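The following exercises are intended for a reader who meets this structure for the first time. Each task is followed by a solution in steps.

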Amino acid sequence: MATWNSRGLRGSTLEELVNRTNEQYAEKRLALIQKIPTPITPVKMDKEHRQISLAYFEQRSTVDYIGAVQGIPVCFDAKECGTDTFPLSNIHPHQVSFMRRFEEQGGIAFFLLFFSNEDLFYYLPLRRLLDFWERMESGGRKSFRRDELEETFYLTKQSGFLVPYLEGIKTDLRLREEGSQE
């Protein structure tokens, strides 16, 4: 079983920003997105600080967030990266498998990336991640560079939303529609 320790808190700032954005979207009735907690079993407790200091995951998590945006099922995972190169080892095969099956059922799956070194948010559609994933599985790079990403999916702060990922979904839907008309 996987063991939990404080390294798992690396993306907590990103998580806080996404959680607050989800609250804003819910307040405005634009979307209803929930954080999916990863079930853990505590092994060691710090009784003085009332904190878990060691635990193991009961099962592998699939995605960080799931919900609906104006009637469209949505799931995504939020990942933080401190450089311009994103290692695919940060994404697990069971996550990719779940997201593929989610899209087969008519949903939208994506990764929300935060390049902390540049303070940039990026909406990575599953189909684009699959390009990088298949390249890796064919013996190619085990990462992708920021300069390989489409400019159109960078998210700019607007309308008071901290992480305006609905703009990424809107762009994704538009491009899917344009692709299906060809």
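The model is predicted.

**Exercise 1. Determine whether Cys81 is buried or exposed, and establish how many disulfides the structure holds.**

Step 1. Cys81 has a relative accessibility of 6%. A residue counts as buried under 20% relative accessible area, so Cys81 is buried.

Step 2. Cys75 has a relative accessibility of 0%, and therefore it also counts as buried.

Step 3. A disulfide is a covalent bond between the sulfur atoms of two cysteines. The search of the whole structure returns 0 disulfides.

**Exercise 2. Describe the overall make-up of the chain.**

Step 1. The secondary structure consists of 4 helices and 11 strands.

Step 2. The chain has 182 residues, of which 36% are buried.

Step 3. Consider the contacts between residues at least 6 apart in sequence: 64% of these join residues at least 24 apart.

**Exercise 3. State the strand order of the open sheet of 6 strands and identify its edge strands.**

Step 1. The order of the strands is E2-E5-E6-E8-E9-E11, and the pairing is mixed.

Step 2. Strand E2 (32–35) and strand E11 (154–155) are the edge strands, since each of them pairs on one side only.

**Exercise 4. Trace the neighbours of strand E9 in the sheet.**

Step 1. On the side of E8, E9 is joined by 6 bridges, and the two strands run antiparallel. Phe110 has Pro125 in E9 as its bridge partner.

Step 2. E8 and E9 form a hairpin with 4 residues between them. Within the turn, Asp119 has a positive phi of about 55°.

Step 3. E9 (residues 120–125) also pairs with E11, in the antiparallel sense and over 2 bridges. Here Tyr122 stands opposite Tyr154 in E11.

Step 4. As to burial, 5 of the 6 residues of E9 are buried, and the strand is thus mostly covered.

**Exercise 5. Find which strands are touched by helix H3, and which strands helix H2 lies across.**

Step 1. Helix H2 (residues 93–104) lies across strand E5 (65–69), strand E6 (72–81) and strand E8 (108–115). The angle between H2 and E6 is about 155°.

Step 2. Helix H3 (residues 126–137) packs on the sheet and touches E8 and E9. The direction of H3 makes about 85° with that of E9.

**Exercise 6. Explain which parts of the chain are tied together by the aromatic pairs of Phe110 with Phe76 and with Tyr165.**

Step 1. The structure holds 14 aromatic pairs. One of them is formed by Phe76 and Phe110, with 4.7 Å centre to centre and 15° between the planes. Planes under 30 degrees apart count as stacked, and this pair is accordingly stacked.

Step 2. Phe76 belongs to strand E6 and Phe110 to strand E8, so their pair ties together parts that are 34 residues apart in sequence. Phe76 is buried, with a relative accessible area of 0%, and Phe110 is likewise buried at 0%.

Step 3. Phe110 and Tyr165 form an aromatic pair that is tilted, with 6.1 Å centre to centre and 40° between the planes. Because Phe110 lies in strand E8 and Tyr165 in helix H4, this pair ties together parts that are 55 residues apart in sequence. Both Phe110 and Tyr165 are buried.

Step 4. Phe76, Phe110 and Tyr165 are among the members of one aromatic cluster, which also includes Tyr122, Tyr123, Phe153 and Tyr154.

**Exercise 7. Identify the rings over which the charged ends of Lys35 and Arg146 sit.**

Step 1. The charged end of Lys35 sits over the ring of Tyr65, at 5.4 Å from the ring centre. Tyr65 is a member of the aromatic cluster.

Step 2. The charged end of Arg146 sits over the ring of Phe115, at 5.8 Å from the ring centre.

**Exercise 8. Locate Asp172 and describe its surroundings.**

Step 1. Asp172 is found in helix H4 (residues 165–180).

Step 2. The relative accessible area of Asp172 is 0%, and so the residue is buried.

Step 3. Neighbours within four places in sequence are set aside; the contacts of Asp172 are then Ile108, Tyr123, Pro125, Arg127 and Phe153. Of these contacts, Pro125 has appeared above as the bridge partner of Phe110.

Definitions and conventions
Residues are numbered from 1 along each chain as its sequence is written. This is a predicted model: local features need pLDDT of at least 70, side-chain atom pairs count only at pLDDT 80 or more; totals for chains, interfaces and linings use all residues. Side-chain values use heavy atoms; hydrogens and water are left out. Two strands pair if DSSP finds at least two bridges between them. Contact means heavy atoms within 4.5 Å. Axes are lines fitted to C-alpha atoms, for helices over the stretch in contact, and angles run from 0 to 180 degrees between N-to-C directions. Buried means under 20% relative accessible area, exposed over 50%, partly exposed in between (1.4 Å probe, protein chains only). Rings of Phe, Tyr and Trp (its six-membered ring) pair if their centres lie within 6.5 Å; planes under 30 degrees apart count as stacked, over 60 as edge-to-face and the rest as tilted. A charge sits over a ring if NZ of Lys or CZ of Arg is within 6 Å of the ring centre and within 35 degrees of the ring normal. A disulfide is a pair of cysteine sulfur atoms within 2.5 Å.
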